[in-house]
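Biologist: I have a chain on screen and some questions about how its parts meet. Could you take me through it, starting with a pair of helices?

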Amino acid sequence: FKGILSEAEARGYVTGNVASSVRIGTKGRHKEPVAIPTKAEVKSIMAKLDELATDKRWRRWRVLLATAINSGFRASELRGLPWDAVDLKAGTITVKQRADERGVIGSPKTVASRRTISIPTFLVTMLRDWKIECPPGPLVFPTTLGTVQLLSDIHTAGWRPLQVAAKITKADGSPRLNFHCLRHFRASMLIEDGANPKEVMVEMGHSNIAMTYDLYGHLFTDEDADTRRAERAERLGQ
C-alpha cells in the first residue's frame, strides 16, 4: 500500500504519501524453521501421482507438482510459466513472468526472480508428453480452457486431495503441507547436495543472501569448522 501511494504521488494523483513514515519490522521473522517435506513424503507424493496418472485430470497435477519439486519455483511463477520459457532440448526453464492472485500476467517478483535453471531428464520427458495434451495456449499449466490457473484451484483440486490420498496428513486427517513447502524442499535438496549459499540464493530467486540465510541458514553445515577454529586460534595467538 505504501508503494502504491508512492507511485500515485509521483504521478500527481495524490498530494502526499501518508504512509511514508510507516516502517515494517522484520525482527523475529522466520524464527521458527520453515516446514520442509521429508524425502519420504515427496517420494510418496510422486508415487501417488504416478498411480493416478491414468486419469487425464491428474496428469496435469502430476507434471505441475513434479516441476515444482524439481525447480523450487513460486506458485505464481508456475502459474504464469509460458511454453517459450521451457527449452526441452537444453533441459532448462527460465522465469520471465508470473501470474498474480487475480490471474494477471506480469513481470517476475524481483529482478533476482528472473533466472534459468536446469531440470532433470525425466522432467523433460514428462513436459514433452504433457505439451501434446496441454490445453491450447501459451501457458504450460493452464486451466482446461487455457486460462491462468488460480492458486486456490491448485490447492483445492490438486494439492490438498493429493496429500489426503498419499496419507500426508495431520492428526485430524487434514493436509499437512502448504504448496510453498515444495519450494523449501528444493532449497533443502540443493544444500544437501553441496550448493553454497550464493548458489541457493540464485536458484531460488532471492533478492539478497540475507533472505537465503534467514530461511535456510540452519541447513548449512560445515563439519570442518571446529578444526579450522582451533587452528585459527593457534595462528592468531599472541
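Modeller: Gladly. This is a predicted model. The axes of helix α8 (residues 197-204) and helix α9 (residues 209-216) come within 9 Å. They cross at roughly 100°.

Biologist: Is α8 roughly parallel or roughly perpendicular to α9?

Modeller: The axes of α8 and α9 cross at roughly 100°. Angles of 65 to 115 degrees count as roughly perpendicular. So α8 is, relative to α9, roughly perpendicular.

Biologist: Which residues of α9 does α8 meet?

Modeller: On the α8 side, the contact uses P197, K198, V200, M201 and M204. By class, the α8 and α9 contact has seven nonpolar, one polar and one charged residues. The α9 residues met are I209, T212, Y213 and Y216.

Biologist: Now α2 and α6. At what angle do their axes cross?

Modeller: Helix α6 covers residues 151-165. The axes of α2 and α6 come within 10 Å. The two helices are therefore roughly perpendicular to each other. Their crossing angle is roughly 100°.

Biologist: How many charged residues does the contact of α2 with α6 have?

Modeller: I45, K48, L49 and L52 represent α2. They meet W159, L162 and A165 of α6. By class, six residues are nonpolar and none is polar. The charged count is one.

Biologist: Stay with K48. Which residue does the side chain of K48 meet in a salt bridge?

Modeller: K48 is in helix α2, and its partner lies in that helix too, three residues apart, about one turn. The closest N to O distance is 3.3 Å. The partner is E51.

Biologist: Is K48 buried or exposed?

Modeller: Its partner E51 counts as exposed, at 52% relative accessibility. The relative accessible area of K48 is 18%. Buried means under 20%. So K48 is buried.

Biologist: How far apart in sequence are the parts that E133 and R59 tie together?

Modeller: E133 and R59 form a salt bridge, with the closest N and O atoms 2.8 Å apart. E133 lies in helix α5 and R59 in helix α3, so the pair ties together parts distant by 74 residues in sequence.

Biologist: And which class of exposure does E133 fall into?

Modeller: R59 is partly exposed, with a relative accessible area of 25%. E133 has a relative accessible area of 23%. The class between buried and exposed runs from 20% to 50%. E133 is therefore partly exposed.

Biologist: Where does R115 lie?

Modeller: The side chains of R115 and E77 meet in a salt bridge of 2.9 Å, N to O. E77 lies in helix α4, so the pair ties together parts that are 38 residues apart in sequence. R115 is in the loop between β4 (105-106) and β5 (116-118).

Biologist: Are R115 and E77 buried or exposed?

Modeller: R115 has 5% relative accessibility. E77 has a relative accessible area of 2%. Under 20% counts as buried. So R115 is buried, and E77 is buried.

Biologist: Which residues are linked with R115 in a network of salt bridges?

Modeller: Side chains of opposite charge can pair when their charged atoms come close. In the chain, the count comes to 11 salt bridges. The residues networked with R115 are R74 and E77.

Biologist: On to the nonpolar interior. Which helix supplies the largest share of the largest core?

Modeller: The largest nonpolar core has 42 residues, and L127, F141 and F179 have the most contacts inside it. Helices that each supply at least two of its residues include α2 (39-52), α5 (121-133) and α7 (181-192). The largest share, eight residues, comes from α3.

Biologist: How many residues are in the second, separate core?

Modeller: In soluble globular proteins, nonpolar side chains tend to be buried together. Here the second core includes V34, I191, L215 and Y216. Its residue count is nine.

Biologist: Back to F141. Which residues does F141 touch, leaving out those up to four places away in sequence?

Modeller: One of them is L127, which is also among the residues with the most contacts inside the largest core. The full set is V63, L64, T67, L78, L81, L127, W130 and Q149.

Biologist: Last one. Is H155 buried or exposed?

Modeller: H155 is found in helix α6. Beyond its neighbours within four places in sequence, its contacts are R160, P161 and F179. Its relative accessible area is 14%, so H155 is buried.

Definitions and conventions
Residues numbered from 1 in each chain as written. Predicted model: local features only at pLDDT ≥ 70, side-chain atom pairs only at ≥ 80, totals over all residues. Heavy atoms only, no water. Helix = DSSP H or I, 4+ residues; strand = E, 2+ residues; numbered from the N terminus. Buried < 20%, exposed > 50% of the residue type's maximum accessible area, 1.4 Å probe, protein only. Contact = heavy atoms within 4.5 Å. Core = buried A, V, L, I, M, F, W, Y, C linked by side-chain atoms within 4.5 Å. Salt bridge = Lys/Arg side-chain N within 4 Å of Asp/Glu carboxyl O. Axes fitted to C-alpha atoms, helices over the stretch in contact; angles between N-to-C directions. Parallel < 35°, antiparallel > 145°, perpendicular 65-115°, else oblique. Nonpolar A, V, L, I, M, F, W, Y, C, P; charged D, E, K, R; others polar.
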